[in-house]
Amino acid sequence: MYNVRKVTEDLFWVGANDHRLHLFENIHPIPRGVSYNAYVLTDEQTVLFDTVDWSACRQLLENLDHVLAGRPLDYLVIHHMEPDHGASIQEILLRYPQVKVISSAKAFTMMKQFGFSTGDHECVEVKEGSTLSFGKHSLTFLSAPMVHWPEVLVSLDTTNGALFSADAFGSFGALDGALFADEVNFDRDWIDDARRYYTNIVGKYGPQVQALLKKASGLLDQIKFICPLHGPVWRENLSYFVEKHDLWSRYEPEDRGVLIAYASMYGNTEEAAQGLATRLYERGVKNVVVHDVSNSHVSYLIADAFRLSHIVLASVTYNLGIYPVMHNFISDMKALNLQNRTVGLIENGTWAIKSGELMQKELEGMKNMTVLPDKLTLTSSLPAERACDLDAFADALAASVKG
Ligand SMILES: Cc1cc2nc3c(=O)[nH]c(=O)nc-3n(C[C@H](O)[C@H](O)[C@H](O)COP(=O)(O)O)c2cc1C
Ligand SMILES: [Fe+2]
Ligand SMILES: [Fe+2]
């Protein structure tokens, strides 16, 4: 059964929702599922924009068949070759023998690498500034290297203002019927998944996203729709989402507040972390979020680290090292280029306390991370008579958050 939605005159969403996949890229949990978006333009020529993951191919084919209603498919535009969008290419080529493929030179190379053969299909190579017309609608291509992969193109339909943004402006979460961001309470129900998607998937490439935003800013008055490859389509209040991406890609926090991430085996470091959270709220700090690194998937930690201005890392010492799960979180922050944060450190150990010094060293290898001078050291536990030390730590942190 087909399941399509009209985006605007001549343009239809023909993608699919996936609630069966547990881990996106086999790493990030997606409890609300994900959508693979593909779009069809029914102009004088018909155009399919991207395909879907192999698991959703059948749905794409039924949708496409319905929208084309017997017309041939003339063009297939591939903006991004990652298999969550490119895996169904061969099936489209087989079923539509006359379809011409439009993509970047790098993407055509990747198609071969992934084992797809364009055979006798005409291939149209496009690059930054290329323009193609399909009748009423003209498409202008922009290159968006490393907005997620090096071959990525985005394109703007200059007739209806639809920006096909590839993995940019996407989100985790299945659409479940609601195609448009204005049909849901995005700021309440979607922004956390959008942030977690951006920061974990594209977060490393802030400068490249900034470059794309700069290109798009010249076209901003022409952009009426943002049609990403995952998550809702934007047709209202585009600046809300663009501004979020501007902050994220500049590694600027959205909110002043504190992520407290703790690693604890027997609960003593955890008690200190909880005591700190209480003290921060008592001092009027808003937006304090506490995560046990062993129980929150690192993708959630990353999202909160991007959102908030301050981070507290509280870790036990483990075989003279940082607790492995905490170490993984720090490595991930590093890998994703997180910068411009203020960090407080809490360390714990019973015989040779090393975690504070080691975490400090890791942070020194990152850009613009300010470590608050007085770390808090626990020797196994924090006894009640040392409450004043936790008070002092909270005072310094609260003062820093309040600026
Ligand atoms: C496998 C393992 C290795 C540890 N290695 C160290 C260590 O190298 N140095 C140290 O001071 N404590 C070490 N500890 C002890 C814990 O860091 C210490 O007991 C800490 O106080 C536990 O805090 P928690 O109650 O928050 O789990 C180790 C504990 C375990 C289970
Ligand atoms: Fe991608
Ligand atoms: Fe994707």
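Let's start with a spacing. The donors of the iron ion (ligand 2) follow H-x1-E-x65-H-x18-D along the chain. The pair H80 and H148 links distant parts of that chain, with their positions 68 residues apart. H80 is in the loop between β9 (75-77) and α2 (83-86). H148 is in the loop between β13 (138-143) and β14 (153-157).

Keep in mind that this is a predicted model.

Now the atoms. The protein donors are H80 through NE2, E82 through OE, H148 through ND1 and D167 through OD. They lie 1.8 to 2.3 Å from the iron ion (ligand 2).

What about the geometry? The angles among the four donor atoms run from 87 to 158°, and the site is irregular. For tetrahedral, all angles would have to lie between 85 and 135 degrees.

There is a second iron. The iron ion (ligand 3) is 3.4 Å from the iron ion (ligand 2). D167 coordinates both.

Are the two histidines buried or exposed? H80 has 0% relative accessibility, so it counts as buried. H148 has 8%, so H148 counts as buried too. The cut-off for buried is under 20%.

Next, a different region: strand β23, residues 376-379. Its side chains alternate. L376 and L378 point to one face and are buried. T377 and T379 point to the other face and are not buried.

β23 has a partner. Strand β21, residues 341-349, runs parallel to β23, and four bridges join them. One pairing to look up on screen: E347 has T377 in β23 as its bridge partner. T377 is on the face of β23 that is not buried.

Technical notes: Residues are numbered from 1 along each chain as its sequence is written. Chains are lettered from A and ligands numbered from 1 in the order in which they are written. This is a predicted model: local features need pLDDT of at least 70, side-chain atom pairs count only at pLDDT 80 or more; totals for chains, interfaces and linings use all residues. Side-chain values use heavy atoms; hydrogens and water are left out. Donors are N, O and S atoms within 2.8 Å of the metal (3.2 Å for Na, K and Ca); water is not among the atoms, so sites may look incomplete. Four donors count as tetrahedral if all angles lie between 85 and 135 degrees; four count as square planar and six as octahedral if opposite donors are over 155 degrees apart and all others between 65 and 115; anything else is irregular. Helices (H or I, at least four residues) and strands (E, at least two) are DSSP runs, numbered from the N terminus. Buried means under 20% relative accessible area, exposed over 50%, partly exposed in between (1.4 Å probe, protein chains only). Two strands pair if DSSP finds at least two bridges between them.
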